[in-house]
Amino acid sequence: MMFAVQFVLALCYANLGEWLMHKFILHGLGKRRNSFWAYHWHGHHATCAEHAMYDPGYAKIRLNAWNAQTKELAVLAGIASLHAPLLAIWPGFPCGLYFSLLVYYTRHRKAHLDPAWGRRHLSWHYDHHTLNKPGNWCVTWPGCDYLFGTRLSAQKPNDADRI
C-alpha cells in the first residue's frame with residue numbers, strides 16, 4: 001500500500017485513539033484517585049479549572065519528576081514504541097502516527113500555556129475544559145467528536161468550529 005495512504009489511515013487511527021483514550025481511559029479510569037490515569041482528571045483538569053485553562057506544568061517539563069506532564073509524555077512514548085515494529089512492513093502508518101503524536105503534544109501544550117490561542121485554534125478542546133459537560137474528547141482535531149456526536153460547543157455554530 002502506498003506510503004501516503006498508510007499515513008492518512010494513521011491520522012484517522014490517531015484521532016480515533018485520541019477520542020477513545022480521552023473518553024474511556026483518561027476520564028473513565030482517570031476519575032479513580034488510585035488509578036495511574038488519575039493524573040489527567042485530578043491533576044491536569046483540576047489545574048486547568050483553577051487557572052482558566054492554563055496549566056503551568058507545561059511551562060517547564062521536568063523529566064526527573066513524575067507528574068501529569070511526564071506521565072503524558074511516557075504514555076505517548078509507549079504508544080510510539082508499540083507501533084515501531086510496523087516501520088518494517090508498513091512504514092507510512094507509524095510515520096503518520098508519530099506525526100499525529102507530535103502534533104497532539106505540541107498543540108495540547110500550547111493550548112494550555114496560551115489559553116487565548118487554545119480558544120482560537122482548538123476551540124473544541126477549550127470547550128472540553130470550560131463547559132463542564134462530558135464531550136469534546138479530541139484534542140488535535142474534532143473529527144471523531146463530530147462522527148460520534150460528542151462535539152459540544154459554547155460558541156455560535158460556524159464561528160469557532162472551523163478547523
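Contact here means heavy atoms within 4.5 Å. With that in hand, welcome to a set of close-ups of a predicted model.

**View 1. Helix 4 and the helices around its buried residues.** The buried residues of helix 4 pack against helix 1, helix 2, helix 3, helix 5 (115-121) and helix 6 (123-130). If you would like to find them, the buried positions are G92, F93, P94, G96, L97, S100, L101, Y104, Y105, H108, A111 and H112. Helix 4 is built from 22 residues, and its first and last C-alpha atoms lie 32 Å apart, close to the 32 Å expected at 1.5 Å a residue.

**View 2. Helix 3, its span and its cover.** Helix 3 takes in residues 68-83, which makes 16 residues. At 1.5 Å a residue these should span 22 Å, and the distance of 23 Å between the end C-alpha atoms agrees with that. Its buried residues are A68, Q69, T70, K71, E72, V75, L76, A80 and H83. Among the elements that cover them are helix 1 (3-26), helix 2 (38-50) and helix 4 (92-113).

**View 3. Helix 3 against helix 4.** Follow the two axes here: they come within 10 Å and cross at roughly 170°. Angles over 145 degrees count as roughly antiparallel, so helix 3 is roughly antiparallel to helix 4. On the helix 3 side, the residues that meet helix 4 are E72, L73, L76, I79, A80 and H83. Their partners in helix 4 are F93, P94, L97, Y98, L101, Y104, Y105 and H108. By type, the residues of this contact divide into 11 nonpolar, two polar and one charged.

**View 4. N67 and T70 at the start of helix 3.** Two polar contacts involving N67 can be picked out in this view. A side-chain oxygen of N67 reaches to within 3.1 Å of the backbone nitrogen of Q69, while the side chain of T70 reaches the backbone nitrogen of N67 at 2.8 Å. T70 itself lies in helix 3 and counts as buried because its relative accessibility is 6%, below the 20% cut-off. Beyond residues up to four places away in sequence, T70 touches R62, L63 and A65.

**View 5. The surroundings of H112.** H112 belongs to helix 4, and with 0% relative accessibility H112 counts as buried. Its side chain reaches the backbone oxygen of M53 at 2.7 Å. Setting aside neighbours within four places in sequence, the contacts of H112 are H44, C48, M53, Y54, D55, Y58, H125 and H129.

**View 6. C95, a partly exposed residue of helix 4.** C95 lies in helix 4 and is partly exposed, with a relative accessible area of 29%. Although C95 and L11 are 84 residues apart in sequence, their C-alpha atoms are 9.6 Å apart in space. Not counting neighbours within four places in sequence, C95 is in contact with F3, F7 and L87.

**View 7. G135, a buried loop residue.** Our last stop is G135, in the loop between helix 6 and helix 7 (143-148). G135 has 0% relative accessibility and so counts as buried. Apart from neighbours within four places in sequence, G135 is in contact with H128, T150 and L152. From G135 to A10 the distance is 23 Å, C-alpha to C-alpha, with their positions 125 residues apart in sequence.

Terms used:
Residues are numbered from 1 along each chain as its sequence is written. This is a predicted model: local features need pLDDT of at least 70, side-chain atom pairs count only at pLDDT 80 or more; totals for chains, interfaces and linings use all residues. Side-chain values use heavy atoms; hydrogens and water are left out. Helices (H or I, at least four residues) and strands (E, at least two) are DSSP runs, numbered from the N terminus. The expected span of a helix is 1.5 Å times one less than its number of residues. Buried means under 20% relative accessible area, exposed over 50%, partly exposed in between (1.4 Å probe, protein chains only). A polar contact is a pair of N or O atoms within 3.5 Å; within protein, one must be able to donate a hydrogen and the other to accept it, and residues adjacent in sequence count only if both atoms are side-chain atoms. Axes are lines fitted to C-alpha atoms, for helices over the stretch in contact, and angles run from 0 to 180 degrees between N-to-C directions. Angles under 35 degrees count as roughly parallel, over 145 as roughly antiparallel, 65 to 115 as roughly perpendicular and the rest as oblique. Ala, Val, Leu, Ile, Met, Phe, Trp, Tyr, Cys and Pro count as nonpolar, Asp, Glu, Lys and Arg as charged, and the others, Gly among them, as polar.
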